[in-house]
Amino acid sequence: MTATTITAAASTRPSAPVPLAPLPLACDACGRTAGATPQAICPDCLGPLEPVYDPNRRLPSREEIARRPRSLWRYHEWLPFQGEPVHALDVGWTPLVESPALAAQLGVARLWLKLDAHSFPTLSFKDRVVTTAINAAEAFGLDVIGCASTGNLANAVAAAAARAGKPAWIFVPHDLELGKLVATAVFAPTLVRVRGTYDDVNRLCAQVADRFGWGMVNVNLRAYYGEGSKTMAFEIAEQLGWRLPTAVVTPMAGGSLVTKLRKGFSEARDAGLVSGDLPRQYGAQADGCAPIVRLAERGDEILVPEIPQTIARSLAIGNPADGLSASRILRNSGGAGQRVSDTELVAAIRLLARTTGLFAETAGGVTMAATLRLAAAGHFRPSDEVVVCLTGHGLKTIEPVQDTLLDTPTIEPRIREVAALVANRTA
Ligand SMILES: *Cc1c(COP(=O)(O)O)cnc(C)c1O
Ligand SMILES: [Zn+2]
């Protein structure tokens, strides 16, 4: 790899289509360069490999970005490729919806919900990371793709593989929610249910990647996968009129999203697209699996793995790969970690639905409940402009809110019966 080849390719972009090539990687910990490769871990120090961008590449202005299609590729200068992407060209640009009611309830100036629950095509933010990973797989000539998943990644990989006409091998804990399993199986991948926790599945998938040479999106393609999350930060900034919020609350599983949001916000500022302070970042987990929050609370540097025990299955990673960097970001940004009980998360799903008309999955319940707790503990100021990230859709995890049906009457199709109900309800 040389910086000059990157510059040359980037500068020819508008005239001739350049074939897709992944950027080279370097170790974030020791600096060792690794070339463009389907590997995520430094062979010398086991640190994470990260894509290397040419600092002299040409970057677009706000106006130039505004003219591009509304997908995450409008920020392609910050995605880890040269040349044109070939898969998932239409992913990203999810709604940012303001909620004055929640702002009033929390005592902050303004509050928005970033709705990756409405991500195309599989209703979670995992569509973003799969978009960069599947293009990396294509460029490396890896035909079979796969993942270790807590549910949403399984949905996103299975759908992307189906669209790209690739075989997929998807490994999940055997006892995931029915919605997550069916919303994977319907795309006809090879779905393998593993008797064990996500952390067992993840260890198995590291061996699978080695043995079969497949493109496991969050294992050997992780360096390319994670960069997709940065686009959520660029979208938030652009949708606010190229401004930064003062605080952002996100759910945490492996800790990648929190870490990459920071990277995205600071790259947008470095590029002159936004100015001012980066937001305080808050990370949410469930009490029954909160290794990153507990690490941030202790303030030390040693993550203590946990055995998950929570209904927030999409966040149930006991030994998170990016846990240490995530906890550092929470603390260094002036934010914090917050954990909540399963009872609180279910109440928060219902509160969100009632006050905003949005149905979030258990991870959204965790995030909303954590936001309420942070407000009660005085973490927000009256002048704060807060973005709460809702990363997955509630239709995939209906189990915890099924008892909302208990109150629903069933009647014969007769107006008399409706009248009786009306009389009853208004009595
Ligand atoms: C995977 C996932 C997350 C967290 O992702 P990490 O980057 O692993 O921290 C958050 N919300 C939902 C719904 C997810 O599926
Ligand atoms: Zn290293």
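Let me start in the loop between α9 and β12 (247–251), because that is where W242 is found, and W242 counts as buried, with a relative accessible area of 10%. This is a predicted model, so please take everything I say as computed from it. What makes W242 worth a pause is its backbone, which has a positive phi of about 55 degrees although the residue is not a glycine. As a general background, most residues other than glycine have a negative phi, and most peptide bonds are trans. Just after α9 there is also G241, and this glycine takes a positive phi of about 80 degrees.

The helix that leads into this loop is α9, residues 230–239, and nine of its ten residues are buried, so the helix is largely enclosed by the rest of the structure. The buried residues include hydrophobic-looking names that you would pick out quickly on the screen, such as M232, F234 and I236, but K230, E235 and E238 are on the list as well.

Two other backbone features belong in this part of the talk. Phi of L46 is near 65 degrees, again a positive value in a residue other than glycine, and L46 sits in the loop between β3 and β4. Is L46 buried or exposed? With a relative accessible area of 65%, L46 is exposed, whereas W242, as I said, is buried. The other feature is the peptide bond from F120 to P121, which is cis, with omega near 0 degrees, and P121 lies in the loop between β7 (110–115) and α4 (126–139).

Now to the metal. Which residues hold the zinc ion, ligand 2? Its protein donors are the SG atoms of C27, C30, C42 and C45, lying 2.3 Å from the ion. The angles among the four donor atoms run from 99 to 119 degrees, and the site is tetrahedral; for comparison, the ideal angle for four tetrahedral donors is 109.5 degrees. Along the sequence, the donor residues follow the spacing C-x2-C-x11-C-x2-C. C27 lies in strand β2 (residues 25–27) and C42 in the loop between β3 (33–35) and β4 (49–51), so this pair ties together parts that are 15 residues apart in sequence. Both C27 and C42 are buried.

Finally, I would like to move to a pair of helices, α13 (residues 342–356) and α14 (residues 362–376), which pack at an angle of about 95 degrees with their axes 7 Å apart. The two helices are therefore roughly perpendicular to each other. On the α13 side, the contact is made by E344, L345, A348, I349, L351 and L352, and on the α14 side by T362, G364, G365, V366, M368, A369, L372 and R373. Sorted by character, the residues of this contact divide into nine nonpolar, three polar and two charged.

Some of these residues come back when we look at A312, whose place is in the loop between α11 (291–298) and α12 (323–332). Leaving aside residues up to four places away in sequence, A312 touches A286, L345, T362 and V366. A312 counts as buried, at 0% relative accessibility. A312 and S341 are 29 residues apart in sequence, and their C-alpha atoms are 9.9 Å apart in space.

Key: Residues numbered from 1 in each chain as written. Chains lettered and ligands numbered in written order. Predicted model: local features only at pLDDT ≥ 70, side-chain atom pairs only at ≥ 80, totals over all residues. Heavy atoms only, no water. Axes fitted to C-alpha atoms, helices over the stretch in contact; angles between N-to-C directions. Helix = DSSP H or I, 4+ residues; strand = E, 2+ residues; numbered from the N terminus. Parallel < 35°, antiparallel > 145°, perpendicular 65-115°, else oblique. Contact = heavy atoms within 4.5 Å. Nonpolar A, V, L, I, M, F, W, Y, C, P; charged D, E, K, R; others polar. Donors = N, O, S within 2.8 Å, 3.2 Å for Na, K, Ca; no water. Tetrahedral: all angles 85-135°; square planar, octahedral: opposite > 155°, others 65-115°. Buried < 20%, exposed > 50% of the residue type's maximum accessible area, 1.4 Å probe, protein only.
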